[in-house]
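Student: Could we look at this structure together? I would like to learn how such descriptions are reached.

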Amino acid sequence: MTNQRVKILSSISYKWNNATSSLDKNCYPPSLLQDLLEKHTCYFIDMSRATEKINNFARDIENNFKKQCDAHVYVCRNPNLYHPFGIHYDLVPNIIIQCEGQTNFKVWDKIENVNNKERFGKINIEMTDEPLLDVIMNPGDMVWIPEYYPHHAISITTRLSVSFPIQIHEGSDMEDRHWFRFEG
Ligand SMILES: [Fe+2]
């Protein structure tokens with residue numbers, strides 16, 4: 001998988017050798033990727049066409065909002081791993097679906113008076129209020145997080161979840177979501 005898609009929540013950098021015929025020199029070798037997944041919390045971006053199901057769901061969101069939607073796949077193989085985001089908010093709404101394992105999800109009330117020039121959300125916010133929502137997400141559960149609502153996802157077990165950020169501030173160029181299969 002090309003390294004631009006892989007976000008490893010660690011500051012370590014890696015080098016590897018590539019096969020002579022390899023066109024993408026930045027493509028993670030699968031053995032390294034497996035090792036990284038065991039040792040760090042990782043997520044993968046630009047995954048909205050990873051499977052037919054994800055593609056279909058992203059298409060439904062895009063049809064509803066008339067805005068492009070990505071899919072980020074979060075993988076945590078060890079709930080004790082360090083997670084740098086803490087309580088944070090994002091600048092775009094997200095739909096988060098728990099696929100495997102359990103996550104404790106807390107959501108607080110909207111932060112007002114946010115600087116509109118912010119390019120990214122804010123991480124590691126201190127919250128003293130009680131959360132509006134404090135739930136254990138199980139496989140098949142979904143949570144809607146509007147923009148500027150602080151939230152905190154704490155892995156209780158190993159987990160895999162998919163988050164669908166809706167690009168409300170961007171233009172409306174959509175992915176080609178045509179999905180085909182040759183029969184026979
Ligand atoms: Fe978030």
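Tutor: Gladly! Two residues are in contact if their C-beta atoms, placed from the backbone, lie within 7 Å. Keep in mind that this is a predicted model.

Student: What share of the contacts in the protein chain between residues at least 6 apart in sequence join residues at least 24 apart?

Tutor: It is 86% of those contacts.

Student: What makes F164 a contact partner of I61 and N94?

Tutor: Their C-beta atoms must lie within 7 Å, and F164 does touch both of them, along with F57, A58, C69, A71 and I95. This list leaves out residues up to four places away in sequence.

Student: Why is the set with M47 and I166 called a nonpolar core?

Tutor: Such a core needs buried residues of types such as Ala, Val, Ile, Met, Phe and Cys, joined through C-beta atoms within 7 Å. M47, A58, I61, C69, A71, V162, F164 and I166 meet that, so these 8 residues count as the largest nonpolar core. Two elements, α2 (52-65) and β9 (159-165), each give two or more residues to this core. Another core, of 7 residues, lies apart from it and includes V107, W108, I145 and A153.

Student: How many residues of the chain count as buried?

Tutor: Of its 184 residues, 18% do. Buried requires 20 or more other C-beta atoms within 10 Å of a residue's own.

Student: Which helices and strands are there, by count?

Tutor: The protein chain has 2 helices and 9 strands.

Student: Why is the chain called as compact as a globular protein of that length?

Tutor: Its radius of gyration is 18 Å, and the globule rule gives 16 Å for 184 residues; the two are close, so the description fits.

Notes. Residues are numbered from 1 along each chain as its sequence is written. This is a predicted model: local features need pLDDT of at least 70, side-chain atom pairs count only at pLDDT 80 or more; totals for chains, interfaces and linings use all residues. A residue is buried if 20 or more other C-beta atoms lie within 10 Å of its own, exposed if 12 or fewer, and partly exposed in between; C-beta atoms are placed from the backbone. Helices (H or I, at least four residues) and strands (E, at least two) are DSSP runs, numbered from the N terminus. The radius of gyration is taken over C-alpha atoms; the globule rule is 2.2 Å times the number of residues to the power 0.38.
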